[in-house]
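Trainee: I would like a close look at one part of this model. Please take me through the open sheet and the salt bridges, step by step.

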Amino acid sequence: MSPKNVIFKKTCKDKSVGVFMGKRDFVDRVDSVDPVDGVILIDPEALAGRKVFVTLSCTFRYGRDDMDVMGIAFRRELYLSTRQVYPPLQDRDKGVHTKVQAKLLRKLGSNAYPFFFEFPDNLPCSVALQPAPHDVGKQCAVEFEIKAFSAESQDAKVRKRSTVKLMIRKVQYAPDMQGAPPSVETTKDFVMSDKPLHVKVHLDKELYYHGETIQVHVNIANHSNKNIKNIVLSVDQVATVVLYSNDSYVKCVDIEDSGDSVSAGATLQKVYKMLPLLANNRERRGIALDGKLKHEDTNLASSSVVKEGALKEVMGIMVSYRVMVKLIIGGEVGLEVPFKLMHPKPDAVSWRTRWCSRSSSAAT
């Protein structure tokens, strides 16, 4: 989250318009989303009679702008809302302001004007697909942006010198309540074997924080006459691009080739430890990441939590995780256990400190 008492500001080249905001991360709580609030500072002389507008946009980008083919853009605007800031449409001092806006208005003076947006409840969170090391240009991503500009009218051509853009993020944090620990079991019968193979896999809990070790409990009762030659575990990230293709991209973000075997008639009870980290996957193309702001690091994308009844088709990129356990017996017997990977709420724990320390120790 944005540090307390920090103001983010950016001014256009001709100095006519500047944007001031108290934060750039806005929390989606599934049933509600933080409103976007800030202040626009104008220079009346530089404006030269032009009006000032501010927009909030959500864009899904799935290719570089210079790759447009036959007039088809590789980007789609999921949401766009525009407000006229100057001349104000209502008395500035009679409006209801947030605490940050009130402080900024007092500090910046009479040429400062507030703006306020509310997210609709069907927009995705900020997420991006990691490009390969040799890729250039903008990556496939869901991005949010505040743009302020001066122009003769809202529909008039906007000059770049009179425009200022500030990237923001829509983020989700882990819910207060945990679901039931996920558990999967299966029984496999074999030809020429009187008794079956029984396997059960369960996790300690449904939701893990980024940088937290996942303990995978594997219980095998091999009553069959087959020998299990190896047990391979992986953590898979499933990123589904639901907007234009509904394609799913499955990427292994952690793997454990245990080398464990279970003879016919034997049993095994063991806890395996998995730790999915971006640090071990930085050069792998197509892995979904949490959206990041310029010059900041990020992490593997958090699990998507969607409001019940929401249209998934406009969610851009949906992310989920699963633990896969494969028993090698000539062929394979596989089990998959779904779980959630998210950040805890910043007011509940200093997640950034814990995540960084764990990521560093795990990477060394």
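Mentor: What follows covers the sheet and then the salt bridges. Keep in mind that this is a predicted model.

Begin with the sheet. Five strands make up an open sheet, and their order is 13-20-19-15-16. The pairing is mixed. Strand 13 (207–209) and strand 16 (247–257) are the edges. Each has a single partner strand, so one side of each has no neighbour in the sheet. From one strand to the next, the twist averages 35 degrees.

Now move to the pairing of strand 16 with strand 15. Strand 15 spans residues 230–241. The two run antiparallel, joined by 10 bridges. One position is worth following: D236, whose bridge partner in strand 16 is C252.

D236 also takes part in a salt bridge. Its side chain meets that of R322, at 3.4 Å from N to O. R322 sits in strand 19 (residues 317–329) and D236 in strand 15. The pair links distant parts of the chain, 86 residues apart. Is D236 buried or exposed? Its relative accessibility is 8%, and the cut-off for buried is under 20%, so D236 counts as buried.

Next, the wider set of salt bridges. The count comes to 11. One of them joins R169 to D25, with the closest N and O atoms 2.7 Å apart. R169 belongs to strand 10 (residues 163–171) and D25 to strand 3 (residues 25–27), so this pair ties together parts 144 residues apart in sequence. Both R169 and D25 are buried.

Turn to D176 and K345. Their side chains meet in a salt bridge at 3.1 Å, N to O. Here the residues lie in loops. D176 is in the loop between strand 10 and strand 11 (183–188). K345 is in the loop between strand 20 (331–342) and helix 3 (351–363). The pair therefore ties together parts that are 169 residues apart in sequence. How exposed are these two residues? D176 has 65% relative accessibility; exposed means over 50%, so D176 counts as exposed. K345 has a relative accessible area of 28% and is partly exposed.

One more group remains. K23, R29 and D34 are linked in a network of salt bridges.

To pull the thread together, return to D236. This residue is buried, has C252 as its bridge partner in strand 16, and meets R322 of strand 19 in a salt bridge.

Note on methods:
Residues numbered from 1 in each chain as written. Predicted model: local features only at pLDDT ≥ 70, side-chain atom pairs only at ≥ 80, totals over all residues. Heavy atoms only, no water. Pairing = 2+ DSSP bridges. Helix = DSSP H or I, 4+ residues; strand = E, 2+ residues; numbered from the N terminus. Axes fitted to C-alpha atoms, helices over the stretch in contact; angles between N-to-C directions. Salt bridge = Lys/Arg side-chain N within 4 Å of Asp/Glu carboxyl O. Buried < 20%, exposed > 50% of the residue type's maximum accessible area, 1.4 Å probe, protein only.
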